Amino acid sequence: MPLKKINTVLAATFILFILWFGTGYVLSPETTAAGFGLPSIPAGDGGGFLVVKGIRDVVMALVLGILLVTGHRRALGWALLVESLAAYGDMTTVLTHHGSVATALGVHALTATLMVVNGLLLMRETRAAAAAPATPAPQPA
């Protein structure tokens, strides 16, 4: 399978995963929150922050999706690299608030690292395509 197709499938998978996860926080934050890794779910007005997290995830997925659909592959690579910081931030939040180490590493750090790998692969792919010599079009005799 060509690198471009693999990168497209990986990026699409991340986009759908982030969109699914974010939508869960918006529609049902109380049931989705347990999977985040924190020891307790915010109560009272603090529960609104779960919806904020969900909206953040949905918007991040939409940005990635637009870049993928419009073919801006290098920008998609950069966006994956930058957006991986949110997942590393989620990992740090779980760890600093005495949450589940397994979830912090197995969900947030793994997701962030796979986003970085996919972003770097997209960057490599677009760099290789830009460096390839242009083949002159055949001239009619």
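Trainee: Where in this predicted model is the place of histidine 108?

Mentor: Histidine 108 has its place in helix α5, which covers residues 101–131.

Trainee: What makes histidine 108 count as buried?

Mentor: The term buried is kept for residues under 20% relative accessible area, and histidine 108 has a relative accessibility of 5%, so histidine 108 counts as buried.

Trainee: Which residues is histidine 108 in contact with, leaving aside its neighbours within four places in sequence?

Mentor: With those neighbours set aside, histidine 108 is in contact with Phe36, Ala87, Asp90, Met91, Val94 and Thr103, where contact requires heavy atoms within 4.5 Å. One of these partners, Met91, also belongs to a core of nine residues that includes Phe21, Ala104 and Ala109 as well.

Trainee: Why is the pair of phenylalanine 17 and tryptophan 20 called tilted?

Mentor: A search of the whole structure finds five aromatic pairs. Ring centres must lie within 6.5 Å to make a pair, and the centres of phenylalanine 17 and tryptophan 20 are 6.1 Å apart. Planes under 30 degrees apart would be stacked and planes over 60 would be edge-to-face, but the planes of these two rings stand at 40 degrees, so the pair is tilted.

Trainee: How do you know that phenylalanine 17 and tryptophan 20 are separated by about one helical turn?

Mentor: Both residues lie in helix α1 and are three residues apart there, so about one helical turn separates them.

Trainee: What makes phenylalanine 17 partly exposed, and what makes tryptophan 20 exposed?

Mentor: Exposed means over 50% relative accessible area, while partly exposed covers the range between that and the 20% limit for buried. Phenylalanine 17, at 34% relative accessibility, therefore counts as partly exposed, whereas tryptophan 20, at 60%, counts as exposed. Ring pairs also link Phe17 and Trp20 with Phe21, Tyr25 and Phe36 into a cluster.

Trainee: What is the volume of the largest pocket, and which residues are closest to its centre?

Mentor: The largest pocket has a volume of about 200 Å³. Its lining consists of 14 residues, of which Ala33, Phe36, Leu38, Pro42 and Leu50 are the closest to the centre. Two or more lining residues come from each of α3 (48–69) and α4 (73–96), and α3 gives the most, with four residues.

Trainee: How many residues of each class does the lining of the largest pocket have?

Mentor: By class, nine of the lining residues are nonpolar, two are polar and three are charged.

How values were computed
Residues are numbered from 1 along each chain as its sequence is written. This is a predicted model: local features need pLDDT of at least 70, side-chain atom pairs count only at pLDDT 80 or more; totals for chains, interfaces and linings use all residues. Side-chain values use heavy atoms; hydrogens and water are left out. On a 1 Å grid over the protein atoms alone, a cavity is a set of points where a 1.4 Å probe fits but cannot get out, and a pocket is an open set with protein on both sides within 12 Å along at least five of seven lines; lining residues have an atom within 4 Å of a point. Grid points are joined across faces, edges and corners, and a volume is the space filled by probe spheres set on the points. Ala, Val, Leu, Ile, Met, Phe, Trp, Tyr, Cys and Pro count as nonpolar, Asp, Glu, Lys and Arg as charged, and the others, Gly among them, as polar. Buried means under 20% relative accessible area, exposed over 50%, partly exposed in between (1.4 Å probe, protein chains only). A nonpolar core is a set of buried Ala, Val, Leu, Ile, Met, Phe, Trp, Tyr and Cys residues joined through side-chain atoms within 4.5 Å. Rings of Phe, Tyr and Trp (its six-membered ring) pair if their centres lie within 6.5 Å; planes under 30 degrees apart count as stacked, over 60 as edge-to-face and the rest as tilted.
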